[in-house]
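Please open the model in your viewer and keep the sequence panel at hand. The tour below proposes a series of selections and states what is to be found at each.

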Amino acid sequence: MAVYVVKADDSVETIAAAAGVSVEQLVSENQIPYPYRLAIGQALYLPAEMTVPGREINTNGYAYPFIGNYVLRRTLPYLSSLSVFSYGFTTAGELVPPRLPDVWMIQAAEEYGTEAILTLTPLDEAGQFNNYLIHAVVQNPESRRSLEENLLAEVREKGYAGVDVDFEYILAEDRDAFSLFVKELTEAMHGEGRTVSVALAPKTSANQPGLLYEGKDYAALGAAADRVLLMTYEWGYKYSEPMAVAPLPQVRQVVEYAVTEIDPAKILLGMPNYGYDWPLPYVPGETAARTIGNVEAVQIAIENGAEIRFDETAQSPWFSYESGGIAHEVWFEDVRSVQAKCDLIRASSLRGAGIWQINQLFLAGWLQLEENFHVLRKKQ
């Protein structure tokens, strides 16, 4: 594993010399800004002398249309598919396009041999998942057919390679109707050489209670769709107590259940591209964490003289600091946590990885993926 953990008195010059790489390459691939300060405990990606990637995998990245052109183009070389987030719909099955143009993203993806995927979500005007929208469409054959036809028309017009169905908080009573919708949509898309994927809440058993889980039938959806994404993140989230976003034991539990219901060759493991900064003390129902990028997290540690630690159980980096008289605890992702997920993908023979989301550049993480696997791309 090409990872170096920074110690006291290290500098980019000494690390680069010991690794046999240039300072320019070290700081570029790890996004270390001038004047090239480091945090004790920071994990750096180091290119291997001879890299022979393992088996081919699919890598998918979600992106909002407000992603920067530079960030998108730096990330596309590591992606098999790009899921544009997102299209909505009405109760009559009419499509609601993103508020910002998406054609430029489709064109950029095409340049890199990456498939562009239309992401469909039941978001309301407030940007919240609305299970009434789901219920109204999947339980009404006419609305269902209308939505399927409108999706076909949109992917034809814009050149999308398929559709990703990201429905959350599905009512238990809509479980079978939702599975039927995915099955019908897949059949329709296959008729035009396109694919369907579906995002799955991180279940650990078939009858797991809770609004997030009860409407998702792993077996039926796994059979209906071409691939599935396990949303294996958000154990640590904005309103939770401080903890890893994707702790490995919990992620592994989801995978162990998923492969009993779904062909592993259809499964993408969800990987978070972000972390959280919690103010302390944590008060349930009151404390709200701030979402941060992985590169930003390291800079916060540097600015506050914090030492980055690594939780061997969660397989995730974290640190604490104090600013303005307020204590903070930060959990995020680095190349070590990426490697742990690569090992799980390999051990479980999964199809690949799905990244939520790529609007912030994390070049070292994508290089780590590339070192482990050969990214499968469409023929150009």
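Begin with helix 10 (residues 294-303), which lies across strand 11, strand 12, strand 14 (316-323) and strand 15 and runs at about 105° to strand 12. Contact here means heavy atoms within 4.5 Å. Axes are lines fitted to C-alpha atoms, for helices over the stretch in contact, and angles run from 0 to 180 degrees between N-to-C directions. Helices (H or I, at least four residues) and strands (E, at least two) are DSSP runs, numbered from the N terminus.

This is a predicted model, in which local features need pLDDT of at least 70 and side-chain atom pairs count only at pLDDT 80 or more, while totals for chains, interfaces and linings use all residues. Residues are numbered from 1 along each chain as its sequence is written, and side-chain values use heavy atoms, with hydrogens and water left out.

**The open sheet**

Next, select the strands beneath this heading. They form an open sheet of five strands in the order 12-11-15-14-13, with antiparallel pairing. Strand 12 (290-292) and strand 13 (309-311) stand at the edges with a single partner strand each, so one side of each is left without a neighbour in the sheet. From one strand to the next, the twist averages 30°. Two strands pair if DSSP finds at least two bridges between them.

Now restrict the view to strand 11 (residues 275-279) and strand 15 (residues 326-331): four bridges join these antiparallel strands. Which residue of strand 15 is the bridge partner of Pro279? The partner is His328.

**Strand 6 and its neighbours**

Move to strand 6 (residues 115-120). Five of its six residues are buried, so strand 6 is largely enclosed by the rest of the structure. Buried means under 20% relative accessible area, exposed over 50%, and partly exposed in between (1.4 Å probe, protein chains only).

Add strand 4 (residues 81-89), which runs parallel to strand 6 and is joined to strand 6 by five bridges. Tyr87 has Leu120 of strand 6 as its bridge partner. Then add strand 7 (residues 162-165), also parallel to strand 6 and joined to strand 6 by four bridges. Here Leu120 stands opposite Val165 of strand 7.

While strand 4 is displayed, select Ser86, which lies in that strand. The peptide bond joining Phe85 and Ser86 is cis, with omega about 0°.

**Helices 11 and 12**

Select helix 11 (residues 335-347) together with helix 12 (residues 363-372). Two packed helices are described by the angle between their axes and the distance between the axes. For helix 11 and helix 12, the axes come within 9 Å and cross at roughly 30°. The two helices are therefore roughly parallel to each other; angles under 35 degrees count as roughly parallel, over 145 as roughly antiparallel, 65 to 115 as roughly perpendicular and the rest as oblique.

Show the side chains at the contact. From helix 11, Val335, Val338, Gln339, Cys342 and Arg346 meet Ala364, Gly365, Gln368, Leu369 and Asn372 of helix 12. By class, this contact has five nonpolar, four polar and one charged residues. Ala, Val, Leu, Ile, Met, Phe, Trp, Tyr, Cys and Pro count as nonpolar, Asp, Glu, Lys and Arg as charged, and the others, Gly among them, as polar.

Keep helix 12 alone for a moment: nine of its ten residues are buried, among them Trp366, Leu367 and Glu371. The buried residues of helix 12 pack against strand 1 (3-5), helix 2 (23-29), strand 2 (43-45), helix 3 (69-75), helix 11 and strand 16 (352-356).

**Loop positions**

Turn to the loop between helix 2 and strand 2, where Pro35 is found. A cis peptide bond with omega of about 15° joins Tyr34 and Pro35. In this loop, select Tyr36 as well. Phi of Tyr36 is near 65°, a positive value in a residue other than glycine. Tyr36 is partly exposed, with a relative accessible area of 30%.

Continue to Asp9, in the loop between strand 1 and helix 1 (12-19). Phi of Asp9 is near 75°, again positive in a residue other than glycine. Is Asp9 buried or exposed? Asp9 is exposed, at 79% relative accessible area.

Finish at Ser205, in the loop between strand 8 (195-200) and helix 8 (218-224). Ser205 counts as partly exposed at 31% relative accessibility. Select Thr260 as well: the C-alpha atoms of Ser205 and Thr260 are separated by 9.8 Å, with the two residues 55 residues apart along the chain.
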